[in-house]
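Please find below a short note on the model, set out as numbered points. The points concern the annotated region, the nonpolar core and the nonpolar surface.

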Amino acid sequence: MSEKTPDDIDRIVAQWNRERPDLDVAPMALIGRLGRLREKIVREQEKVFGRFGLNSAGFDVLATLRRHGAPYALSPGALMDSMMITSGTVTNRIDQLEKAGLVSREPNPEDRRSMIVALTPEGLRLIDEAVTAHVENQHRIVGPLSSDERMALNALLSSFLGGLASGDG
């Protein structure tokens, strides 16, 4: 790795080191960079989703239905579990996508008391186009990293995330 030029985060950490030398603020750099990276990635993804008249929330619902395979339909509860969101949130997302003609609510053939959410033909066409553009965008975003760097970063982040998840109660 080459010598890097100090950035805003380095300057913030240096200021804290000067003002509070009694504190080990080293994690601040890592967490600050992860936060800024997340913000930049979200902005870049939203640009792509916007080209298809979607936002990340709508994309998430359509992509969840699509990746579950034919018949591209799930109960609202299964959608909620798969996306790890609340029932009110999933209902709102479904309402918006239904108004746009991208999903439909249909009686659940296994339980007439409940509904399933299904991609419409237009929804299937749109998500296939959007996910293709999304994956191309993801390749562009990680483009500055070599293949080895991507694999190493992925392994490190997986370990970091796993370590944090094991502390969840």
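1. Over residues 27-162 of this predicted model, the chain is 69% helix and 12% strand. The C-alpha atoms at the two ends of that stretch are 17 Å apart. The range is taken from the UniProt record, an unreviewed entry, which annotates residues 27-162 as "domain: HTH marR-type".

2. The largest nonpolar core comprises 25 residues. Leu54, Leu62, Leu65, Leu79 and Val103 are those with the most contacts inside this core. At least two core residues are supplied by each of helix H2 (26-50), helix H3 (56-67), helix H4 (76-83), helix H5 (87-99), strand S3 (111-119) and helix H6 (121-141). H3 gives the most, with five residues.

3. Which residues does Leu65 contact, leaving aside its neighbours within four places in sequence? The contacts of Leu65 are with Tyr72, Ala73, Leu74, Leu79, Val103, Val117, Ala118 and Leu119.

4. In soluble globular proteins, nonpolar side chains tend to be buried together. The surface nevertheless carries a nonpolar patch of about 530 Å², made by Leu30, Ile31, Leu153, Leu157, Phe160 and Leu164. H2 and helix H7 (147-165) each supply at least two residues of the patch, and the largest share, four residues, comes from H7.

5. Is Ile31, a residue of helix H2, buried or exposed? Ile31 counts as exposed because its relative accessible area is 54%, and the cut-off for exposed is over 50%. Helix H2 thus appears in both settings: H2 supplies at least two residues of the core and at least two of the nonpolar patch.

How values were computed:
Residues are numbered from 1 along each chain as its sequence is written. This is a predicted model: local features need pLDDT of at least 70, side-chain atom pairs count only at pLDDT 80 or more; totals for chains, interfaces and linings use all residues. Side-chain values use heavy atoms; hydrogens and water are left out. A nonpolar core is a set of buried Ala, Val, Leu, Ile, Met, Phe, Trp, Tyr and Cys residues joined through side-chain atoms within 4.5 Å. Buried means under 20% relative accessible area, exposed over 50%, partly exposed in between (1.4 Å probe, protein chains only). Contact means heavy atoms within 4.5 Å. Patches are made of residues with over 30% relative accessible area and no salt bridge: like charges are joined within 9 Å, nonpolar side chains (Val, Leu, Ile, Met, Phe, Trp, Tyr) within 5 Å. Accessible areas come from the Shrake-Rupley method with a 1.4 Å probe; for residues, only the protein chains shown count as cover. A salt bridge is a side-chain nitrogen of Lys or Arg within 4 Å of a carboxyl oxygen of Asp or Glu. UniProt positions are given in the numbering used here, feature names are shortened, and annotations may be inferred rather than shown by experiment.
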